[in-house]
Amino acid sequence: MAEETPQIKWEGKSIVELKGPTADQIWPLLEDFCNINKWFPSIDECNHVDGELGKPGLTRYCASKTLSTYGSYDEAEVRWVKERLLMINPAEKCLSYEVLENNSGFKSYVATMKILEITGSDAGENGCKIVWSFIADPVEGWTLEDFSSFINFCFQSMGKNMEQDVLSG
């Protein structure tokens, strides 16, 4: 009987630092699990599917249109995922979720986002940082390096969008 090779899991982390907004100001934006499309640049739609808002078990549907090979959204393919909130801890400003059904190549994906306060640097700047970590099975059509780069790009954009919203409010 042949020995099975264990599946290698991908692990990654991205950090975005926000200048000015506090963790208490950013947390309500992040904990609003079914409205991530307001901040995340590649998500066009995010809807509540099932479960109670703010509670583990809450499920959302997220979708994005991708350009066709002809550069047109008219013939765009819709990429979608259903994601379930696994844990949410307002006191720790932390949440975890997993990808369920999808057409994006995910077999197993669990992510955790946590907001940490930044106080009193030499420059006197306060703010916070958001840490996004994930563990996943390899995603079809991606290398770990490309996937991590994509996650980091989207996460940096999401953080800056949140920062601008708080500072302009």
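## Terms and overall make-up

Helices (H or I, at least four residues) and strands (E, at least two) are DSSP runs, numbered from the N terminus, and it is in this sense that Ser64 lies in strand S3. The model described here is a predicted one.

The protein chain has 2 helices and 7 strands, and, read from the N terminus, its elements follow the order β-α-β-β-β-β-β-β-α. Of the 169 residues in the protein chain, 37% count as buried. When contacts between residues at least 6 apart in sequence are considered, 52% of them join residues at least 24 apart.

## The sheet as a whole

The 7 strands form an open sheet, in which the order across the sheet is S1-S7-S6-S5-S4-S3-S2 and the pairing is antiparallel. Its edge strands are S1 (10-19) and S2, each of which pairs on one side only. Neighbouring strands of this sheet are turned against each other by 25° on average, with direction ignored.

## From S2 to S5

Starting from the edge strand S2, this part of the sheet can be followed pair by pair. Strand S2 (residues 45-50) runs antiparallel to strand S3 (residues 59-66), and 5 bridges join the two; within this pairing, Glu45 has Ala63 of S3 as its bridge partner. On its way across the sheet, S3 is then joined by 8 bridges to strand S4 (residues 77-89), again in an antiparallel arrangement, and here the bridge partner of Arg60 is Glu83 in S4. Strand S4 is in turn joined to strand S5 (residues 94-102) by 7 bridges, with the two strands running antiparallel, and Met87 finds its bridge partner in Ser96 of S5.

Is Ser64, in strand S3, buried or exposed? Buried means under 20% relative accessible area, and Ser64, at 14% relative accessibility, therefore counts as buried. Leaving aside neighbours within four places in sequence, Ser64 is in contact with Ser42, Ile43 and Asp44, and also with Glu77, Val78 and Arg79.

## S1, S6 and S7

At the other end of the strand order, S7 stands between S1 and S6. Strand S7 is joined to S1 by 10 bridges, and the two run antiparallel; in this pairing the bridge partner of Ile15 is Val131 in S7. Between S6 and S7 there are 10 bridges, and these strands run antiparallel as well, with Leu116 standing opposite Lys129 in S7. Strand S7 is mostly covered, since 7 of its 10 residues are buried.

## The helices against the sheet

Helix H1 packs on the sheet, where it touches S1, S4, S5, S6 (109-118) and S7 (127-136), and the direction of H1 makes about 160° with that of S6. Helix H2, for its part, lies across S1, S6 and S7, running at about 25° to S1.

One residue that can be examined in H2 is Ile151, whose place is in that helix. At 6% relative accessibility, Ile151 counts as buried. Which residues does Ile151 touch, not counting those up to four places away in sequence? They are Tyr109 and Trp132. Ile151 and Trp132 are 19 residues apart in sequence, and the distance between them in space is 9.1 Å, C-alpha to C-alpha.

## How H1 and H2 meet

The two helices also pack on each other. Helix H1 (residues 23-31) and helix H2 (residues 144-168) do so at an angle of about 120°, and their axes are 10 Å apart. Angles of 65 to 115 degrees count as roughly perpendicular and those over 145 as roughly antiparallel, and H1 and H2 are therefore oblique to each other. The crossing of H1 and H2 is right-handed.

The contact is made on the H1 side by Gln25, Ile26, Leu29 and Leu30, which meet Met158, Met162, Glu163, Asp165 and Val166 in H2. Sorted by class, this contact of H1 with H2 has 6 nonpolar, 1 polar and 2 charged residues.

Methods:
Residues numbered from 1 in each chain as written. Predicted model: local features only at pLDDT ≥ 70, side-chain atom pairs only at ≥ 80, totals over all residues. Heavy atoms only, no water. Pairing = 2+ DSSP bridges. Axes fitted to C-alpha atoms, helices over the stretch in contact; angles between N-to-C directions. Parallel < 35°, antiparallel > 145°, perpendicular 65-115°, else oblique. Left-handed = near helix turned anticlockwise from the far one by under 90°. Contact = heavy atoms within 4.5 Å. Nonpolar A, V, L, I, M, F, W, Y, C, P; charged D, E, K, R; others polar. Buried < 20%, exposed > 50% of the residue type's maximum accessible area, 1.4 Å probe, protein only.
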